[in-house]
Amino acid sequence: MIKLHDLYFKPFISEQEILDVVTRMANDIANDLGDEIPVFIGILNGSFMFVSDFVKKFPKPCEVTFIKLASYEGLKSTDDIQRLIGLTQDLTGRTVIILEDIIDSGKTLAEVHRIFKNENVKELKIATLFYKPEAYKKDFKLHYVGIEIPTKFIVGYGLDFDGLGRDLPEVYQLKTTQHMTNIVLFGPPGAGKGTQANFLKEKYNLIHISTGDVFRFNIKNETALGMLAQSYMDKGELVPDKVTIDMLAAEVEKNADANGFIFDGFPRTDAQAKALDDLLDEKDSEINAMIALEVNDKILVERLLERGKTSGRPDDADENIIRNRVKEYYKKTAILKDYYKAQDKYYGVDGVGSIEEITQRLSKVIDQL
Ligand code: AMP
């Protein structure tokens, strides 16, 4: 992922893929032209990289020149095409091939045709590396098209966003969801995830999703989901993955515009972690860090029994259920440490100390992300 000005872009078309297409276009055009020496005309600024690679791959003699037109402002194509540098040579009787980096609405192309109306060239052909068929509103024939792309804003390989990105050898696409900070707050039951999440969500303006809280809310309201979850929760067992994952996805969807999320109590299994990656990937986003609160088991059980005196949670009141929850954690959940470690996203934090001290330790990790 890259950032240009204040926007984020994700990789879209690789350098190799582009070069393969450019080579194919150069060969196709050379075959169609026979022995004639064509004049290739690049449309500046965007086409400079395409033209450079194209003529290197073109297997026969050719001439190259440029005209300079300007139509883009920021992310939007404007109606007003400016002719900044026009034709500087006589092209009477010549075969001219326009090399465009991208054709979307076709306004620049209309200007090109205006320029050539009175030039008496033998033939005018259009070759474009990228083409947005859904955006194209003109009837001019496109003789050679490299890659058809959806109507999304792209940068790189000559194309810019407000001046930046032209130098990139590959092409990037504007992310549909802008940058989110997504944190998995991890640790065994009683580690203090809920308490800390309440501070962190304020500090970093994130949405806190506690799957345990959502289940308890459903139990209180006697929903079908609540009834289903209760039988597992009462025993300190995990609710089945499918149920939990669907519920989590719905909670994320409810907050589609969020700055990011603190996931508390989720994921708890390998399948949940994978589902979370897929869910965020659909949003062009990802988990930035798993931050684990490390607390030993003896302290956990003490804390939970203490909490049980006031929390009203049946699963906090009984030492056997508490021990089962901790057991479930080590059996199914603790392995997720390796899952995030493998992605270089695991951060362990000492979870013993005052609430403020632990918030500070967590903030230090988040500030570095
Ligand atoms: P918690 O509030 O996170 O301690 O969760 C309380 C109970 O809710 C757990 O013991 C599970 O029965 C259930 N639960 C919460 N989150 C999940 C999850 N991600 N997967 C399965 N069960 C969960």
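**Exercise 1. Work out which polar atoms the ligand meets in this predicted model, starting with the side chain of Gln272.**

Step 1. A nitrogen atom of the ligand lies 2.9 Å from an N or O atom in the side chain of Gln272. With a cut-off of 3.5 Å for a pair of N or O atoms, this is a polar contact.

Step 2. Turn to the backbone. A polar backbone atom of Glu237 is 2.5 Å from an oxygen atom of the ligand, and a polar backbone atom of Val239 is 3.0 Å from a ligand nitrogen.

Step 3. Check the cover. On its own the ligand has 480 Å² of accessible area, and the protein covers 96% of that.

**Exercise 2. Describe the surroundings of the ligand and find which helix gives the largest share of the shell.**

Step 1. Count the shell: 16 residues surround the ligand, and the closest are Thr211, Arg216, Glu237, Gly265 and Gln272.

Step 2. Assign the shell to elements. Helix H5 (residues 211–220) gives the largest share, four residues.

Step 3. Place the ligand: the space it takes is the largest pocket.

**Exercise 3. Decide whether Gly187 is buried or exposed, and list its contacts beyond its neighbours within four places in sequence.**

Step 1. Locate the residue. Gly187 sits in the loop that joins strand E11 (181–186) to helix H4 (193–204).

Step 2. The relative accessible area of Gly187 is 8%. Buried means under 20%, so Gly187 is buried.

Step 3. Leaving aside those neighbours, Gly187 is in contact with Lys193, Leu293 and Tyr329.

Step 4. Compare positions along the chain and in space. Gly187 and Ile291 are 104 residues apart along the chain, yet their C-alpha atoms are separated by 8.3 Å.

How values were computed:
Residues numbered from 1 in each chain as written. Predicted model: local features only at pLDDT ≥ 70, side-chain atom pairs only at ≥ 80, totals over all residues. Heavy atoms only, no water. Helix = DSSP H or I, 4+ residues; strand = E, 2+ residues; numbered from the N terminus. Buried < 20%, exposed > 50% of the residue type's maximum accessible area, 1.4 Å probe, protein only. Contact = heavy atoms within 4.5 Å. Near = heavy atom within 4 Å. Polar contact = N/O pair within 3.5 Å; in protein donor to acceptor, adjacent residues only side chain to side chain. Areas by Shrake-Rupley, 256 points an atom, 1.4 Å probe, with all protein chains shown as cover. 1 Å grid on protein atoms, 1.4 Å probe; cavity = no way out; pocket = protein on both sides within 12 Å on 5 of 7 lines; lining within 4 Å. Sits in = over half its atoms within 2 Å of the grid points.
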